[in-house]
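Here's a quick tour of the structure, for anyone who likes to have the model open while reading. We'll look at some strand pairings, then the sheets, and finish at the ligand.

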Amino acid sequence: MTAETLNFNITYAAASRISEFDPQNISFGSVFTDHMLVADCINGVWQTPEILPYGEIAYNPALASLHYGQSIFEGMKAFKNENDEVLMFRPLENFKRFNISAERMCMAQVPEEIFIGGLEELLRIDAAWVPKGEDNSLYLRPFMFASDVYLGVRPSLNYRFMIIMSPAGKYYSTPPKVKVETEFIRAAPGGVGSAKCAGNYAASLYPAKLAQDQGYTQLLWTDAIEHKYFEESGTMNVMFVKDGKLITPNTSSTILKGITRDTLLQLAKSLGFETEERKISVEEIISGIQSGSVTEVFGAGTAVVVSPFAAIGFEGNDYALPEITEQSVSSQLKKALNDIRTGKVEDTFGWVWKV
Ligand code: COI
């Protein structure tokens with residue numbers, strides 16, 4: 001079975017809803033394209049995937065994923081180039097990471113033909129939904145959940161893999177103000193921090209809500225043992241510019257191996273910046289902001305792309321970061337990334353996947 005030979009059972013939507021969608025006014029994750037992909041793995045055997053009109057799915061109250069949380073996802077984006085061709089960005093990296101998450105959560109492995117082939121087929125059908133314009137893209141959300149109807153605690157025997165797609169603009173409308181979290185933790189060594197599993201996001205909501213009540217947009221997680229070293233921020237990896245060098249925490253079992261993170265490190269090197277992946281203490285960054293050696297702190301992720309922070313809150317004090325300009329490292333990286341993934345410049349890295 002290859003992406004070319006795999007058959008999808010396709011049922012087309014009776015009418016497109018695209019005229020109801022306003023590309024000038026996109027709110028993240030709230031509008032979905034006309035079609036979705038559904039593939040079931042029954043007792044270890046993947047059934048023929050179906051492409052169906054986007055819509056609700058019925059579920060049994062004893063659905064295993066609702067009770068024990070075997071549920072994983074990926075976030076990816078598609079763009080249009082000048083010739084209106086649809087481009088995905090590094091989809092094989094998401095595919096590999098998805099199956100790494102699946103292994104950690106004791107779930108079925110998804111074949112490439114279904115994951116990549118399904119994305120390609122859906123994008124061909126719903127190509128009109130890929131928005132153009134600065135900061136716009138079609139956000140792709142492959143996900144999988146345990147579909148056994150059973151309340152005993154054991155790995156599910158059946159899984160449902162799905163892909164839905166949603167036009168996206170900027171994730172944050174203003175630069176986020178983030179709080180260094182020193183009470184709650186996101187992940188501990190040996191846990192599931194490097195898996196893209198639903199529970200990691202659920203567990204972040206309460207501490208994030210407390211921070212939002214104090215006026216912050218997001219959290220900056222620290223390590224579970226000493227609360228001394230930065231890990232990642234909510235929904236994104238974190239990067240710093242110190243003395244002109246791009247530095248970021250090295251990945252581990254507690255940090256998601258971000259594809260945007262990896263892309264920016266490679267782009268930074270190609271633009272001539274020095275990069276370092278290492279332990280970064282809160283103390284190093286706070287004193288660096290005060291002395292002026294730390295000039296930028298930003299989030300990196302599929303949804304947020306490159307998102308410079310306005311300020312960092314730590315132990316009741318807010319440390320403002322300098323305004324971002326076109327010359328800022330984060331601006332240069334964002335431009336380089338956007339130019340490649342929208343086909344404006346030649347992709348010498350082999351990252352762009354034409355559908
Ligand atoms: C992504 O960047 O795709 C994410 O995983 C963030 C998402 C939870 C909004």
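## Starting at strand 15

Thr248 sits across from Glu277, a residue of strand 15. Keep in mind as you click around that this is a predicted model. The two strands here are strand 14 and strand 15 (residues 275-277), and they run parallel, with three bridges between them.

What is the sense of the pairing between strand 13 and strand 14? Here it is antiparallel, again with three bridges, and the strands cover residues 237-242 and residues 245-248. Lys242 has Lys245 of strand 14 as its bridge partner. The hairpin made by these two strands leaves two residues between them, and Asp243 takes up a positive phi near 50° there.

## The sheet around strand 13

Strand 13 also pairs with strand 16 (residues 294-301): the two run antiparallel and share six bridges. One pair to look for is Met239 with its bridge partner in strand 16, Phe298.

Put together, these strands belong to an open, five-stranded sheet in the order 15-14-13-16-17, and the pairing is mixed. Strand 15 and strand 17 (305-308) are the edges; each has a single partner strand, so one side of each has no neighbour in the sheet. From one strand to the next, the twist averages 25°. As general background, strands in a sheet pair through backbone hydrogen bonds, in either the parallel or the antiparallel sense.

## A second five-stranded sheet

There's another open sheet to find, with five strands ordered 12-11-10-18-19 and mixed pairing. Its edges are strand 12 (230-233) and strand 19 (317-320), each of which pairs on one side only. The twist here averages 30° from one strand to the next.

At the strand 19 end, strand 18 (residues 311-314) runs antiparallel to strand 19, and four bridges join them. Gly313 is the residue that stands opposite Asp318 of strand 19.

## Around the ligand

Now for the ligand. Why does it lie between the two domains? Domain 1 (2-168) and domain 2 (177-341) both contribute residues to the shell around it, so it ends up between them. The surrounding residues include Phe28, Phe73, Tyr139 and Arg141, along with Tyr171, Lys196, Tyr201, Thr302 and Ala303. Sorted by class, the shell holds six nonpolar, three polar and two charged residues.

Which residues put polar atoms by the ligand's oxygens? Lys196 is one of them, with a polar side-chain atom 2.4 Å from a ligand oxygen. The side chain of Tyr139 has an N or O atom 2.6 Å from an oxygen atom of the ligand. Thr302 uses its backbone instead: a polar backbone atom there is 3.2 Å from a ligand oxygen. On its own the ligand has 290 Å² of accessible area, and the protein covers 91% of that.

Terms used
Residues are numbered from 1 along each chain as its sequence is written. This is a predicted model: local features need pLDDT of at least 70, side-chain atom pairs count only at pLDDT 80 or more; totals for chains, interfaces and linings use all residues. Side-chain values use heavy atoms; hydrogens and water are left out. A residue is near a molecule or strand if one of its heavy atoms lies within 4 Å of it. A polar contact is a pair of N or O atoms within 3.5 Å; within protein, one must be able to donate a hydrogen and the other to accept it, and residues adjacent in sequence count only if both atoms are side-chain atoms. Accessible areas come from the Shrake-Rupley method with a 1.4 Å probe; for residues, only the protein chains shown count as cover. Ala, Val, Leu, Ile, Met, Phe, Trp, Tyr, Cys and Pro count as nonpolar, Asp, Glu, Lys and Arg as charged, and the others, Gly among them, as polar. Domain bounds come from an automatic or database domain assignment. Two strands pair if DSSP finds at least two bridges between them. Axes are lines fitted to C-alpha atoms, for helices over the stretch in contact, and angles run from 0 to 180 degrees between N-to-C directions.
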